[in-house]
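Biologist: I'd like to learn how to read pockets, burial and cores off a model. Could you walk me through one?

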Amino acid sequence: DTVDVPRWWLGAFHRLEGEDGEIVGVASVVMEVTEGIRQRESLRRAQERLELLEETTVRVGGTLDAAEACRALTDLLVPRFADYAAVDVLDPEGTRRAPATPVPVRLRRMAVAAAPGTPVPLIPATRSGEVIFHQASSSMSQVLTRHKPMVLNHPDDDTVRQLAPTRQRLERYRALQLHSVAYLPLMVGGEPVGAVMVGRRADTPEFAPDEVELLELLTARAATGIGHALRYTHEHETALEMQRAFLATPH
C-alpha cells in the first residue's frame with residue numbers, strides 16, 4: 001500500500017532458545033491496529049469539538065453586551081485557529097440588512113485580535129466600534145449575500161486587490177503577511193447579522209477542509225449569542241434615546 005496516510009502496527013518479539021540456552025532465532029507477531037487508533041482519534045476529536053462548542057456557547061452567549069460577545073469570539077479564534085480575526089456586524093448607522101446581491105456595505109467592526117508574538121508594526125490598527133467600508137467585490141459583501149463561507153488559501157495579487165475593501169486595507173493585509181483567509185457568515189434565523197474573518201500568516205498552514213468545517217460549527221454557535229446581544233444592545237440604546245427625548249421635552 002503506497003497511500004501516504006499514517007498507519008499503526010502492534011508487534012511482539014520473542015527470543016527463541018534451544019534446550020542448551022543457545023539462541024536460535026526470533027519469533028514475531030505483528031498486527032495492524034490502524035483502524036482502532038483512527039477510531040480512538042476520531043472519538044477524541046469529537047470530544048474536543050463538543051467541548052469547544054460548549055465553551056463557545058458559554059463565553060459568547062454569556063453576555064448581552066454585543067462588543068463583549070464579539071471579543072469572546074475572537075478570543076476563541078486567536079491563536080487557537082488563526083493569527084488574526086475580526087468580527088464585523090450589520091449596523092443601524094451603516095448597512096442595516098444583508099443585501100440580496102453583492103453591493104458596497106458599511107459594517108461595524110466589533111472586535112479584532114492578533115496572535116501573541118505578532119510584530120508591533122503588524123498589529124491591526126482597526127479599533128472596536130470603527131465603521132469599515134467593504135466594496136461590492138469584497139469577501140465580506142459576498143459572504144453576506146451568499147450566506148456561505150469563503151476560503152482563500154494563498155490567493156494571487158489580483159484576487160487580493162479585488163477583495164480588499166480599500167487600498168489602505170490592501171496594504172494592511174500585505175503588511176500582516178496573511179497567506180490564507182477564511183470568511184464566515186454569522187447566521188441567525190436564516191439571515192446574517194455579520195461575518196467573521198480569520199487569517200493565517202508566516203509559517204502557519206493553510207486552512208484545511210476539516211478546519212473550515214469546525215469553524216462553521218463554531219461561528220454558527222457563536223452567531224446565536226451575538227445576535228441576541230446585538231438585538232438587546234439596539235433595544236437598550238433605543239430605549240435610552242426615547243428616555244432622553246422624553247426628558248428633554250417641555251411639559
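**Pocket, buried residues and cores**

Modeller: Sure, and keep in mind that this is a predicted model. Let's start with the second largest pocket, which holds about 290 Å³ of space.

Biologist: Which elements give two or more residues to the lining of that pocket?

Modeller: Two helices do: H1 (34–60) and H6 (209–248). H1 gives the most, with six residues. The full lining is Arg-44, Arg-45, Ala-46, Glu-48, Arg-49, Leu-52, Asp-210, Glu-211 and Leu-214.

Biologist: How does the spacing in a helix help me read a list like that?

Modeller: An α-helix has 3.6 residues a turn, so residues three or four places apart point the same way. Here, Arg-45, Glu-48, Arg-49 and Leu-52 are among the lining residues.

Biologist: And by class, how many nonpolar, polar and charged residues does the lining have?

Modeller: Six charged, three nonpolar and no polar ones.

Biologist: Now burial. Take Arg-200: is it buried or exposed?

Modeller: The cut-off to use is under 20% relative accessible area for buried. Arg-200 has 5%, so this arginine counts as buried. Arg-200 is found in strand E8, residues 191–201.

Biologist: What is Arg-200 in contact with, leaving aside its neighbours within four places in sequence?

Modeller: Its partners include Asp-83, Glu-206 and Glu-211, along with Phe-81, Phe-207 and a run from Gln-177 through Leu-178 and His-179 to Ser-180. Notice Glu-211, since that residue also turned up in the pocket lining.

Biologist: Can burial be read for a whole helix too?

Modeller: Yes, you count residues. Helix H3 (residues 139–146) is mostly covered, with seven of its eight residues buried. Those are Ser-139, Met-140, Ser-141, Gln-142, Val-143, Leu-144 and Thr-145. Just after H3, have a look at His-147, which takes a positive phi of about 65 degrees.

Biologist: Last one: the largest nonpolar core. Which residues have the most contacts inside it?

Modeller: Val-60, Leu-73, Leu-77, Leu-186, Val-198 and Ile-226, out of 36 residues in that core. The elements giving two or more residues are helices H1, H2 (66–77) and H6, plus strands E3 (84–89), E4 (105–114), E7 (178–188) and E8. H6 gives the most, with nine.

Biologist: What does Val-60 touch, not counting residues up to four places away in sequence?

Modeller: Val-60 touches Ala-69, Ala-72, Leu-73, Leu-76, Ala-222, Gly-225 and Ile-226. Apart from this core lies another, of 18 residues, with Ala-86, Val-105, Met-150 and Leu-152 among them.

Note on methods: Residues numbered from 1 in each chain as written. Predicted model: local features only at pLDDT ≥ 70, side-chain atom pairs only at ≥ 80, totals over all residues. Heavy atoms only, no water. 1 Å grid on protein atoms, 1.4 Å probe; cavity = no way out; pocket = protein on both sides within 12 Å on 5 of 7 lines; lining within 4 Å. Points joined across faces, edges and corners; volume = space filled by probe spheres on them. Helix = DSSP H or I, 4+ residues; strand = E, 2+ residues; numbered from the N terminus. Nonpolar A, V, L, I, M, F, W, Y, C, P; charged D, E, K, R; others polar. Buried < 20%, exposed > 50% of the residue type's maximum accessible area, 1.4 Å probe, protein only. Contact = heavy atoms within 4.5 Å. Core = buried A, V, L, I, M, F, W, Y, C linked by side-chain atoms within 4.5 Å.
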